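Here are my comments on the model you sent, set out as numbered points that move from the overall fold to individual side chains. Please read them with the structure open beside the text.

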Amino acid sequence: MHRRTSKKWPRVVAAGVTATAFLALFGFTGHATPVPSAPVPATTALDPTAYRWKNAHGTRELDGHGYFKRSCVSFAAWAIRTDGRPHTKSPDFLGDAGRWKAAATSSVPRVGDIAQWDPGVHGTGRRGHVAYVAAVDDDGRVTLYEYNYRSEFNDQRPDVLSVRATAASDASRYLRF
């Protein structure tokens, strides 16, 4: 996987094609191995800089979906609503990050999942934390888009976008909507 490092959100490039599907492109179908008709993309097309409330003033304004603007839950819910992927459950009006429930839960992340941390885990505070999974690498790391996570990407400021790569095992679980 190739990554560009900059202060802008990274562009992650990956084929998202299994070896079997790759060989099928060249006519090698194998004996009885099924070839998926559409591989699952390994990255997302979501542009986190398009978050509707990124320039909102005041920290206690509601976003109309049950969350305070520029909070981790507001951003994660917005990402689910706008990422163009099929979802079966709404991310709206679920409460604090530590209380979120989804259509499915997994310990193995997929692009489009929501990484969730229980309250108090890895310094998340009493409400927990959620972040959008933008990429999943072969080496067991995930790229996350999130708000209210202080990092070098956002000069240690709260209430702004952060993009970070971390071990997939860092989150308490992954939620699928």
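**Notes on the fold and its packing**

1. In this predicted model, residues 24 or more positions apart account for 54% of the contacts in the chain that have a separation of 6 or more. The chain has 177 residues, of which 42% are buried. It contains two helices and eight strands, and, read from the N terminus, these elements follow the order β-β-α-α-β-β-β-β-β-β.

2. The sheet deserves attention early on. Six strands form an open sheet in the order β3-β8-β4-β5-β6-β7, and their pairing is antiparallel. Because β3 and β7 stand at the edges and have a single partner strand each, one side of each is left without a neighbour in the sheet. On average, and with direction ignored, neighbouring strands of this sheet are turned by 35° against each other.

3. Which strands does β8 pair with over three bridges? On the one hand, β3 and β8 run antiparallel and are joined by three bridges; on the other, β4 (residues 114–117) and β8 (residues 173–176) pair in the antiparallel sense, again over three bridges. At the level of single residues, Tyr174 in β8 is the bridge partner of Ser106, and Tyr174 is also the bridge partner of Ala115. Leu175, likewise in β8, stands opposite Ile114.

4. The helix α2 (72–82) packs on this sheet, where it touches β4, β5, β6 and β7, and its direction makes about 40° with that of β5. As general background, nonpolar side chains in soluble globular proteins tend to be buried together. Here the largest nonpolar core has 28 residues, and those with the most contacts inside it are Phe75, Trp100, Ile114, Val130, Tyr132, Tyr145 and Phe177. Two or more residues of this core come from each of α2, β5 (129–136), β6 (141–147) and β7 (161–167), and the largest share, eight residues, is that of α2.

5. Ile114 is a convenient residue from which to inspect this region. With its neighbours within four places in sequence left aside, Ile114 is in contact with Ala76, Ile80, Trp100, Val130, Ala131, Tyr132, Arg173, Tyr174, Leu175 and Phe177. A second, separate core has nine residues, and among them are Ala115, Val133, Leu144 and Ala168.

6. The aromatic residues form a theme of their own, since a search of the whole structure finds nine aromatic pairs. One of these is the pair of Tyr51 and Trp53, which is edge-to-face, with 5.7 Å centre to centre and 70° between the planes; Tyr51 and Trp53 are both buried. Another pair, that of Tyr67 and Trp100, is tilted, with 5.8 Å centre to centre and 40° between the planes. Tyr67 lies in the loop between α1 and α2, whereas Trp100 lies in the loop between α2 and β3 (104–106), so this pair ties together parts that are 33 residues apart in sequence. Tyr67 counts as buried because its relative accessibility is 2%, and Trp100, with a relative accessible area of 1%, is buried as well.

7. Which residues do ring pairs link into a cluster? They are Tyr51, Trp53, Phe75, Trp78 and Tyr147. Phe75 should be followed in both contexts, as a member of this cluster and as one of the residues with the most contacts inside the largest nonpolar core.

8. Two arginines should be viewed together with the rings that they cover. The charged end of Arg60 sits over the ring of Phe68, at 4.6 Å from its centre, and the charged end of Arg164 sits over the ring of Tyr149, at 3.6 Å from its centre.

9. Finally, please look at Pro48, which is found in the loop between α1 (19–25) and α2 (72–82). Is this residue, Pro48, buried or exposed? Pro48 counts as buried because its relative accessibility is 0%, which falls under the 20% limit used for that term. Although Pro48 and Ser162 are 114 residues apart along the chain, their C-alpha atoms are separated by 9.3 Å.

Note on methods: Residues numbered from 1 in each chain as written. Predicted model: local features only at pLDDT ≥ 70, side-chain atom pairs only at ≥ 80, totals over all residues. Heavy atoms only, no water. Helix = DSSP H or I, 4+ residues; strand = E, 2+ residues; numbered from the N terminus. Buried < 20%, exposed > 50% of the residue type's maximum accessible area, 1.4 Å probe, protein only. Phe/Tyr/Trp six-rings, centres within 6.5 Å; stacked < 30°, edge-to-face > 60°. Lys NZ or Arg CZ within 6 Å of the ring centre and 35° of its normal. Core = buried A, V, L, I, M, F, W, Y, C linked by side-chain atoms within 4.5 Å. Contact = heavy atoms within 4.5 Å. Pairing = 2+ DSSP bridges. Axes fitted to C-alpha atoms, helices over the stretch in contact; angles between N-to-C directions.
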